[in-house]
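Please read the following note with the sequence and the structure open beside it. The points are numbered so that each can be checked in turn.

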Amino acid sequence: MKTFKKGIEFMNVQWYPGHMTKAKRQMQEDIKLIDLIIELVDARVPLSSRNPDIDELGKNKSRMILLNKSDLSDEKQNDAWKEYFQKKGFSVVKVDSRSSAGMKGIQNMIQEACKEKIERDRRKGIKNRPIRAMVVGIPNVGKSTFINSFAGRACAKTGNKPGVTKGKQWIRLNKGVELLDTPGILWPKFDDQEVGIRLAFIGSIKDDVLNMEELALRLIGFLCTQYPGTLSGRYGIAETGSEVELLEAIAKARGCLKKGEELDYEKASLILFDDFRGGKLGKITLEWA
Ligand code: G4P
């Protein structure tokens with residue numbers, strides 16, 4: 001049986017501190033222009049796909065969380081996470097930006113999330129000032145897909161507004177809401193190795209810097225414990241034995257062979273991740289509320 005190197009190598013991945021600082025500075029500027037932060041998280045890893053810095057950057061702003069890619073995550077967990085974030089004071093909507101599911105609820109939720117601002121404006125005698133919003137989230141969470149899907153039809157760019165929003169493009173969603181067309185990029189926080197592993201599972205870290213076999217063993221371990229029956233259902237293998245034996249069984253089931261009939265564990269690992277990320281293993285949440 002094959003033995004594997006211990007340790008997950010991605011902890012050495014550099015997160016480009018220069019880009020991070022620039023993105024953060026840009027966001028600080030953009031946040032000054034807006035009333036509402038629409039934060040996208042990945043519904044499969046709602047905590048690991050957040051960067052808590054946004055809480056500090058966005059204090060005094062109305063806040064919304066979208067559980068994006070909810071088509072890929074466990075429905076029960078989606079509800080549990082929705083409740084979790086609502087208890088923390090966020091307005092929350094489950095969405096699937098690729099199919100536009102959940103988009104209808106968002107317009108109403110925006111009004112709801114900003115009701116204090118609307119009330120403040122009303123008391124000051126300001127009428128019909130549109131709510132300004134921006135989308136933020138870590139790379140690959142679906143920001144562009146969401147903006148296209150949500151604003152696609154109403155994609156009337158308002159153009160630059162001299163003086164106030166030089167160089168900024170706003171998308172007018174309706175009379176009441178304008179969305180900044182460039183999303184704010186948050187960097188994932190890597191304080192905890194488990195966070196890195198979960199982000200690697202969902203494909204938020206380039207696979208070529210990762211030890212995919214080691215990662216596959218982790219995913220196999222998780223699935224067997226939390227979603228028993230998943231691997232046997234997909235690959236027709238028995239879920240008994242060690243993680244390495246299960247990876248071996250997947251390699252055999254999928255005919256992953258190198259020259260000389262040696263099993264190709266890496267290929268089997270890539271198949272497993274392709275299946276997982278594409279939703280072919282079913283709806284799975286990696287981080288439970
Ligand atoms: P970003 O701007 O935050 O970096 O993310 P982006 O919109 O580029 O989306 C990253 C990937 O996630 C894209 O897949 C996109 O289609 C997918 N995606 C976004 N929202 C959802 C969702 O709600 N559900 C699912 N299942 N997928 C979603 P890709 O493979 O990189 O591109 P493509 O092949 O879809 O074009």
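Which residues form one aromatic cluster?

1. The cluster is formed by W81, Y84, F85 and F90. Rings of Phe, Tyr and Trp (its six-membered ring) are taken to pair if their centres lie within 6.5 Å, and a pair is called stacked if the planes are under 30 degrees apart, edge-to-face if they are over 60, and tilted for the rest. By this rule the count comes to 8 aromatic pairs. The ring centres of W81 and Y84 are 5.0 Å apart and their planes stand at 75°, so this pair is edge-to-face.

2. Before going further, please keep in mind that this is a predicted model, in which local features need pLDDT of at least 70 and side-chain atom pairs count only at pLDDT 80 or more, while totals for chains, interfaces and linings use all residues. Residues are numbered from 1 along each chain as its sequence is written, and side-chain values use heavy atoms, with hydrogens and water left out.

3. Within the cluster, W81 and Y84 both belong to helix α3 (residues 75–87), where they are 3 residues apart, about one turn of the helix; helices (H or I, at least four residues) and strands (E, at least two) are DSSP runs, numbered from the N terminus. W81 is buried, with a relative accessible area of 2%, whereas Y84 is partly exposed, at 29%. Here buried means under 20% relative accessible area, exposed means over 50%, and partly exposed lies in between (1.4 Å probe, protein chains only). Y84 also pairs with F85 in an edge-to-face arrangement, with 5.0 Å from centre to centre and 85° between the planes. F85 is buried, with a relative accessible area of 0%.

4. A separate ring to inspect is that of W170, since R132 lies over its face at 4.1 Å from the ring centre. A charge is said to sit over a ring if NZ of Lys or CZ of Arg is within 6 Å of the ring centre and within 35 degrees of the ring normal.

5. What surrounds the ligand? The shell holds 15 residues, and the closest are D71, S97, K143, S144 and T145; a residue is counted as near if one of its heavy atoms lies within 4 Å of the molecule. The shell divides into 4 nonpolar, 6 polar and 5 charged residues, where Ala, Val, Leu, Ile, Met, Phe, Trp, Tyr, Cys and Pro count as nonpolar, Asp, Glu, Lys and Arg as charged, and the others, Gly among them, as polar. Helix α6 (residues 143–151) gives the largest share of this shell, with 3 residues.

6. Oxygen atoms of the ligand are approached by polar side-chain atoms at 2.6 Å in the case of T145, at 2.7 Å in the case of S144, and at 3.2 Å in the case of D96. Taken alone, the ligand exposes 720 Å², and the protein buries 64% of that; these areas come from the Shrake-Rupley method with a 1.4 Å probe.

7. Helix α6 deserves a further look. T145 is placed in this helix and is partly exposed, with a relative accessible area of 36%; T145 and S97 are 48 residues apart in sequence, yet 6.0 Å apart in space, C-alpha to C-alpha. N148 lies in helix α6 as well, and at 55% relative accessibility N148 counts as exposed. The C-alpha atoms of N148 and S100, 48 residues apart along the chain, are separated by 9.6 Å.

8. Elsewhere, L219 is found in helix α8 (residues 212–226) and is buried, with a relative accessible area of 0%. The C-alpha atom of L219 is separated by 9.2 Å from that of L286, although the two residues are 67 residues apart along the chain.

9. Two backbone angles should be checked by eye. Most residues other than glycine have a negative phi. For N60, however, phi is near 75°, a positive value; N60 lies in the loop between α2 (53–57) and β2 (62–68) and is exposed, with a relative accessible area of 76%. For E261, phi is near 65°, again a positive value in a residue other than glycine; E261 sits in the loop between α10 (243–253) and α11 (265–277), and at 64% relative accessibility E261 counts as exposed.

Note on methods. A polar contact is a pair of N or O atoms within 3.5 Å; within protein, one must be able to donate a hydrogen and the other to accept it, and residues adjacent in sequence count only if both atoms are side-chain atoms.
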